[in-house]
Amino acid sequence: MSSAAALQTLKASLERIVLDPSYHDLLAVVKGARNGAVYGAKVRFPHALVMVLLFRSGTVRQKLSLVLRATRTHAQNLARFALIYKLTCYALKRFGTGAGKEGPYDSFVAGLLGGYVVFGGRSRRTGKVPSVNQQIVVYVFARVVLALARLAVKPEGGTGLPLVSRPDISSTISHYAWPVFAATSWAAVMHLFRYHPDDLQPSLRSSMTYIYQQSDHWDSLRNFIWHNK
């Protein structure tokens, strides 16, 4: 058998495996890890490239190393979380009390375990929570809070809180909530930046320093318009 024929045979065998319904749940775990890695790399690489080139000092080699390290960390962690989450859901569905059915709290338990294992630890090198993990968790937390706020005033579905989920009150809150939320968020972050900058997330602090502090200083037309420093 030629090598081309052997490859075609192997491909056909693998195709049968990945399309076999009996392997679907386990293969979904593998693809979840794959998709987590790909998405993490796609999201982090351009972001890290821009932020490092604009706001970090050092040689080109050092900057590229930072970009690649951040990209690898983001991709690895999303892949690890997807692996743990989907594998835990699979185990709970298969071996839990639901007799092959997904339980109402399976996703919560799987997310709790994945979040603790992947994002709850500290760097072995520095002893600190990695900045990439901080950014991911804060991003998720912000979306969770917004979703819970929407559910709290949702008039249908039984998820709303008493009183505020009444249709008339819910409509009023939904109309005015965003401008109040936006204003108080910016008020709080500017106050923190002014008086407690070290407690802000590093990338946010760097961006705000560039916009609001370094704009107070120049000594020529050159670094007033064309360059920052």
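Select Leu113 first: leaving out residues up to four places away in sequence, Leu113 touches Ile84 and Thr88, where contact means heavy atoms within 4.5 Å. Leu113 sits in helix H4, and helices here are DSSP runs of H or I with at least four residues, strands being runs of E with at least two, both numbered from the N terminus. Measuring between C-alpha atoms in the viewer should show Leu113 and Ile84 to be 7.6 Å apart in space, although 29 residues separate them in sequence. Colour by accessibility, and Leu113 counts as partly exposed because its relative accessibility is 41%; buried means under 20% relative accessible area, exposed over 50%, and partly exposed in between, with a 1.4 Å probe and protein chains only.

Before going on, note that this is a predicted model, in which local features need pLDDT of at least 70 and side-chain atom pairs count only at pLDDT 80 or more, while totals for chains, interfaces and linings use all residues. Residues are numbered from 1 along each chain as its sequence is written, and side-chain values use heavy atoms, with hydrogens and water left out.

Next, select Tyr85 in helix H3. Apart from neighbours within four places in sequence, Tyr85 is in contact with Ser107, Ala110 and Gly111, and its C-alpha atom is separated by 9.4 Å from that of Phe108, which is 23 residues away along the chain. Tyr85 counts as partly exposed, because its relative accessibility is 26%.

Stay on helix H3 and move to Thr73. With residues up to four places away in sequence not counted, Thr73 touches Val132 and Asn133, and the residue is partly exposed, with a relative accessible area of 22%. For a longer view, show Phe95 as well: Thr73 and Phe95 are 22 residues apart in sequence, and their C-alpha atoms are 32 Å apart in space.

Now turn to the interior. Which residues make up the largest nonpolar core? Select Ala48, Val52, Val67, Ala70, Leu78, Ile84, Val118, Phe119, Val132 and Ile136, the ten residues of that core; a nonpolar core is a set of buried Ala, Val, Leu, Ile, Met, Phe, Trp, Tyr and Cys residues joined through side-chain atoms within 4.5 Å. Helix H2 (24–55), helix H3 (60–95), helix H4 (106–119) and helix H5 (131–152) are the elements that give two or more residues to this core, and the largest share, four residues, comes from H3. Within the core, centre the view on Phe119, which is in contact with Asn77, Leu78, Phe81, Gly114, Asn133, Ile136 and Val137 once its neighbours within four places in sequence are left aside.

Follow helix H5 to Leu146. Outside the residues up to four places away in sequence, Leu146 touches Trp178 and Phe181, and the C-alpha atoms of Leu146 and Asp106 are 22 Å apart in space, with their positions 40 residues apart in sequence. At 26% relative accessibility, Leu146 counts as partly exposed.

Then select Leu163, in the loop between H5 and helix H6 (167–195). Its phi is near 75 degrees, a positive value in a residue other than glycine. Most residues other than glycine have a negative phi. Is Leu163 buried or exposed? Leu163 is exposed, with a relative accessible area of 53%.

Finally, zoom out to the whole chain, which has eight helices and zero strands. The chain is more spread out than a compact globule, because its radius of gyration of 24 Å is well over the 17 Å that the globule rule gives for 229 residues; the radius is taken over C-alpha atoms, and the rule is 2.2 Å times the number of residues to the power 0.38. Along its principal axes, the C-alpha trace spans about 75 × 60 × 30 Å. Buried residues make up 19% of the 229 residues in the chain, and residues 24 or more positions apart account for 46% of the contacts with a separation of 6 or more.
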